[in-house]
Amino acid sequence: MAALAAAAAGIAGVVFALAQSGKISNPFSDAYTVTGTVILSNGEFINTGGACYGMGDFQDIRPGAKVVVTDAAQRTVATGAIETAQETVAECHLTFRVEDVPRGDAFYGVEVTHRGRLQYTAADLEQHLMLSLG
């Protein structure tokens, strides 16, 4: 019995170490990843040969821009960033990812750079979000 307990503890330790390294999702975590796309319309972005980023009033919308998720009390619970940008027909699609968002609230806020907090339900955050700024 002691050997079985030691083996289980060893396996749990390996899984925890892998989860901490980012090689697998943490099975002990009660958190999830929020993903979404920010859409800029024609005239709001610059094309750089397949990639794109915001211009003028939207110049802060680009890969690396901060994305913040807040809880129902408007406390920051996780941060991420815009990761990729791709031009489509007359639009610029910039995708973001925010990892380790804790579950448990009915409502959350998502803010891209300083653009204002948009409120979503917990169920909304389970889906890929589509945000239009223009």
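## Two threonines and an open sheet

Isoleucine 82 has phenylalanine 96 as its bridge partner in β6. The model is predicted, so local features need pLDDT of at least 70 and side-chain atom pairs count only at pLDDT 80 or more, while totals for chains, interfaces and linings use all residues. Residues are numbered from 1 along each chain as its sequence is written, and side-chain values use heavy atoms, with hydrogens and water left out.

Strands here are DSSP runs of E with at least two residues, numbered from the N terminus. Strand β5 (residues 76-88) pairs with β6 in the antiparallel sense over seven bridges; two strands pair if DSSP finds at least two bridges between them. An open sheet of seven strands runs in the order β8-β7-β4-β5-β6-β1-β9, with mixed pairing. Its edge strands, β8 (118-121) and β9 (129-132), each pair on one side only.

The table sets out two threonines. Buried means under 20% relative accessible area, exposed over 50%, and partly exposed in between (1.4 Å probe, protein chains only). A polar contact is a pair of N or O atoms within 3.5 Å; within protein, one must be able to donate a hydrogen and the other to accept it, and residues adjacent in sequence count only if both atoms are side-chain atoms.

| Residue | Strand | Relative accessibility | Side-chain polar contact |
|---|---|---|---|
| Threonine 95 | β6 (residues 91-102) | 24%, partly exposed | threonine 84, 2.4 Å |
| Threonine 70 | β4 (residues 66-70) | 9%, buried | arginine 117, 2.7 Å |

The C-alpha atoms of threonine 95 and glycine 36 are separated by 5.6 Å, although these residues are 59 residues apart along the chain.

Key
Helix = DSSP H or I, 4+ residues; strand = E, 2+ residues; numbered from the N terminus.
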